[in-house]
Amino acid sequence: MKLKEDKTFYFDDNAADRCVYFIENHIKHIKGELGGQPFKLEPFQKTIVRDLFGWKYRDSGLRRFRTAYICLPRKNGKSTLISAIALYMLLADNEPSAECYIAANDRQQSGIIFEVACGMVRADNQLNKNLKVFKNSIIHEKSNSAFKAISSEASSKFGYNASFICMDEFFVQKDSSLWDALTTSVGSRRQPLTIAITTAGYNRESICYKTEEYGRKVSEGIIKDSSFYYVKYACPLDVDWTSEEALKIANPGLASGIIKMDYLKREQEKAIKMPSAENTMRMLHLNQWMSSASKWLSDAQWMECNKAPIKLEDYKGMTAYAGLDLASVKDISAFCILIPEDDRFTVIPYFFAPKDNAFIRSRRDQVDYIGWGKEGLMELTDGDVTDYNYIKKKIKEVAEVVNIKSIAYDRWNSSQLIIDLSEDGLPCEPFGQGFGSLSSPTKELEKLVLGKQINHGGNKVLRWMCSNLAMKSDPAGNIKMDKSKSSEKIDGMVALVMALGCYMNNDSSDSSTYDDNDIIWI
């Protein structure tokens, strides 16, 4: 961020130096080859510390920044830095009855930074003299202040009055509930500080990605929020991720040896040789948001197929193929239309979910079902179970516009809906869920996306589902989407693959035992 003094803000060198002095004179490394040595801030760490504690309002003298998003690759000293800042906020921030919290998705993760902080207290005479270390807290009795580690049972956090919050590994937060609970607990504090510190992830609908996007827009001047601090070290996507330059750009700790180049090169070489390790390596060590934990299509490749807005009415009378993925009555169901035009295809998906549990599901899946419903991207049916009659009505409405040649469905998850559609004259075709049925259309979809022969109109729900995908393969090199290992819902992508399979089969039957049971015949 480009920061400069103006009529509203000024930089207080003494305040910035005070925090740096505290860290470099009272904090020691407690692990690794530097264990027992004073913590000397690296240039990038010192910049962060000085920015957070040096910038102030001219009229009140209070700190400018109240929320910070710090995104660093793995092994670049996040835990040490945030533990040191937490101890400063506990002991030296002059906040009466300070409440400082390290929060994470689970108690084990939050406990990592807490244990580092405990070790730092024990390693310094002054800290050890002024602070008391207990199993679950560090206490400063003189100011009645406490430092604790907490996890994601957010329902119990609304009674807190936090002065300092650090959300560690923000990208693994399952929903925004813990973040919301803690960030709304700082209202009565003079100058609270909330820090989200993380590496990149893969869920672009998560609270972490949304916060990063907000911070990026603040840093670029698109959004005006003078209280938000944003810093991210990452390799740009247009730099060759297999190069040594990529490692240097993304990892500021290389300069001083916080992280070793030989370690990063080993991880890079492994990812080059093993495609399944590429996304993880690029997320954790290059700090790039990827489409999923397992490699298939990247979000950038998928979104290159967003050619133009799509309206069903524009395809009136044209031939179409469809896939119908019926989930449990309380989950998402997907109906996907595929319209071939020469060597190109238009994709029109429809999604259905029960309205009554939409809010709970939004929290659980980290996506905005209610917002999608308002945008017309998802049909939220009345009640707490999906209304299959509504789905039938929608399919019949679509069939009045385009000529549906076949509707593929999972024969093991069929229902009365399939019987009703067939009785109404719609061509329903059972579609096997084994490698034999799914491998060819899955590979063909990949080919079409890479060749930019698909137009999905940038549908947000389908994009989210594509980003969730993980693949499963057999010894013969066949692939299919793996629901059990995918990060979240993929129903729309399954429906799309079945629709493409219908087109490829052109009403042929695939009812072999191989297809149903994934038996591999050699």
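Colleague: Which residue takes a positive phi in the hairpin of β6 and β7?
Modeller: This is a predicted model. In it, Asn144 takes the positive phi, near 55°. The hairpin has four residues between its strands.

Colleague: What makes β6 and β7 a pair of strands?
Modeller: At least two bridges are required. β6 and β7 (residues 145-150) have four bridges, in the antiparallel sense, so they pass as a pair. One of the bridge partnerships joins His140 to Ser145 in β7.

Colleague: And how do you know that β5 pairs with β6?
Modeller: β5 (residues 132-133) and β6 (residues 137-140) share two bridges, again in the antiparallel sense. The requirement is at least two, so this count is sufficient. Val133 has Ile138 in β6 as its bridge partner. Three residues separate the two strands, which form a hairpin.

Colleague: Turning to the rings, how many aromatic pairs are there in the whole structure?
Modeller: The search finds 19. One of them is Phe9 with Tyr57, at 4.9 Å centre to centre and 55° between the planes.

Colleague: Why is the pair of Phe9 and Tyr57 called tilted?
Modeller: The centres must lie within 6.5 Å, and 4.9 Å meets that. Stacked needs planes under 30 degrees apart and edge-to-face needs over 60. The angle here is 55°, which falls in neither class, so the pair is tilted. Phe9 lies in β1 (residues 9-11) and Tyr57 in β2 (residues 55-57), so the pair ties together parts that are 48 residues apart in sequence.

Colleague: Why is Phe9 called buried, and what does Tyr57 count as?
Modeller: Buried means under 20% relative accessible area. Phe9 has 5%, so it is buried. Tyr57 has 21%, which is not under 20% and not over 50%, so it counts as partly exposed.

Colleague: What makes the pair of Phe11 and Trp55 edge-to-face?
Modeller: The planes of Phe11 and Trp55 stand at 65°, with the ring centres 5.3 Å apart. An angle over 60 degrees is edge-to-face, so the pair gets that name. This pair also links distant parts of the chain, with Phe11 in β1 and Trp55 in β2, 44 residues apart. Both residues are buried.

Colleague: Which residues do ring pairs link into a cluster?
Modeller: Phe22, Phe53 and Tyr88.

Colleague: How do you know that the charged end of Lys480 sits over the ring of Phe435?
Modeller: On distance, the charged end of Lys480 is 5.1 Å from the ring centre of Phe435, and the limit is 6 Å. The name also requires the charge to be within 35 degrees of the ring normal.

Colleague: Why is Ser110 called buried?
Modeller: Its relative accessibility is 1% and the cut-off is under 20%, so Ser110 is buried. Ser110 lies in α4 (residues 107-123). Leaving aside neighbours within four places in sequence, Ser110 is in contact with residues including Ile102, Ala149 and Ile150. Ser110 and Asp168 are 7.0 Å apart in space, C-alpha to C-alpha, and 58 residues apart in sequence.

Colleague: Which residues in α3 meet α4, and at what angle do the helices pack?
Modeller: Ser79, Thr80, Ile82, Ser83, Ala84 and Leu87 in α3 meet residues in α4, among them Ile112, Val116 and Met120. α3 (residues 78-91) packs on α4 at an angle of about 65°, with the axes 9 Å apart. The crossing is right-handed.

Methods
Residues numbered from 1 in each chain as written. Predicted model: local features only at pLDDT ≥ 70, side-chain atom pairs only at ≥ 80, totals over all residues. Heavy atoms only, no water. Phe/Tyr/Trp six-rings, centres within 6.5 Å; stacked < 30°, edge-to-face > 60°. Buried < 20%, exposed > 50% of the residue type's maximum accessible area, 1.4 Å probe, protein only. Contact = heavy atoms within 4.5 Å. Axes fitted to C-alpha atoms, helices over the stretch in contact; angles between N-to-C directions. Left-handed = near helix turned anticlockwise from the far one by under 90°.
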